[in-house]
Amino acid sequence: MSATGKGRKRDALTQGVQDRVVLLIEEWKEEWGAFSASALERKVASCLGIRCTRQGLLKKDAIKTAFDRRKAKAGKPANSKSAEAVVLEQRIKRLEQLLAEKTAQVEQLQEMVIRFRHNAKLMGFPADRLERPIAPLISHTENSA
């Protein structure tokens, strides 16, 4: 046992104790409450009969690693995605791919317009002629009426 600066005694965290704490973390049950460092400190005291601080627990690499893994796991829902969520994710991926394709097409068309304008100017077309709107097209059905 080691003493802290306040005269409170704490139990040593031997390798065997650390292994038991890691096992406790890995087997944490929902009925024990939300998983946290404070809750772990209380559970170690009640289940293992070991007095230690949460800071002392988390200084040990094995315990810290198990603790971080458990917190990350608790932050994510279990792989219980609904069918609707899966369909929506697939739709999002398809739409993102379609957006990327359309963006690439727009960039190609913009490059083509720039190239055509440049070539038209080189061939002597004045800028005001290039900016003129296109005349309406007359269809064959209008001519025959």
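Buried means under 20% relative accessible area, exposed means over 50%, and partly exposed is whatever falls in between. Keep those cut-offs handy for this tour of a predicted model.

**Stop one: the tryptophans.** Select Trp32 and colour by accessibility. Trp32 has a relative accessible area of 27%, so it lands in the partly exposed class. Now add Trp28, which is buried with a relative accessible area of 7%. Show both rings: Trp28 and Trp32 make an edge-to-face aromatic pair, with 5.2 Å from centre to centre and 90° between the planes.

Keep Trp28 on screen and bring in Phe35. This is another edge-to-face pair, at 5.0 Å centre to centre with 80° between the planes. Phe35 counts as buried, at 10% relative accessibility.

Which residues do ring pairs link into a cluster? Select Trp28, Trp32, Phe35 and Phe67 together and you have the cluster. A search of the whole structure turns up 3 aromatic pairs.

**Stop two: two helices crossing.** Switch to cartoon and select residues 15–26, helix α1, along with residues 37–48, helix α2. Their axes come within 11 Å and cross at roughly 115°. Rotate the view until one helix lies over the other: α1 passes α2 in a right-handed crossing.

Next, put sticks on the residues that make the contact. From α1, pick Arg20, Val21, Leu24 and Ile25; from α2, pick Leu40, Lys43, Val44, Cys47 and Leu48. How many of these residues are nonpolar, polar and charged? The contact of α1 with α2 divides into 7 nonpolar, no polar and 2 charged.

**Stop three: the cysteines.** Stay with Cys47, one of the α2 residues in that contact. At 41% relative accessibility, Cys47 counts as partly exposed. Then jump to Cys52. Is Cys52 buried or exposed? Cys52 is buried, with a relative accessible area of 6%. If you were about to go looking for disulfides, the structure holds 0 of them.

**Stop four: a glutamine in α1.** Go back to helix α1 and select Gln18, which sits in that helix. With 10% relative accessibility, Gln18 falls under the 20% cut-off and therefore counts as buried. What does Gln18 touch, leaving out residues up to four places away in sequence? Select Leu13, Lys60, Ala62 and Ile63, and you have its contacts on that basis.

**One last view.** Leave Gln18 displayed alongside the ring cluster of Trp28, Trp32, Phe35 and Phe67. Colour by accessibility again: Gln18, Trp28 and Phe35 come up as buried, whereas Trp32 comes up as partly exposed.

Technical notes:
Residues numbered from 1 in each chain as written. Predicted model: local features only at pLDDT ≥ 70, side-chain atom pairs only at ≥ 80, totals over all residues. Heavy atoms only, no water. Axes fitted to C-alpha atoms, helices over the stretch in contact; angles between N-to-C directions. Helix = DSSP H or I, 4+ residues; strand = E, 2+ residues; numbered from the N terminus. Left-handed = near helix turned anticlockwise from the far one by under 90°. Contact = heavy atoms within 4.5 Å. Nonpolar A, V, L, I, M, F, W, Y, C, P; charged D, E, K, R; others polar. Phe/Tyr/Trp six-rings, centres within 6.5 Å; stacked < 30°, edge-to-face > 60°. Buried < 20%, exposed > 50% of the residue type's maximum accessible area, 1.4 Å probe, protein only. Disulfide = S-S within 2.5 Å.
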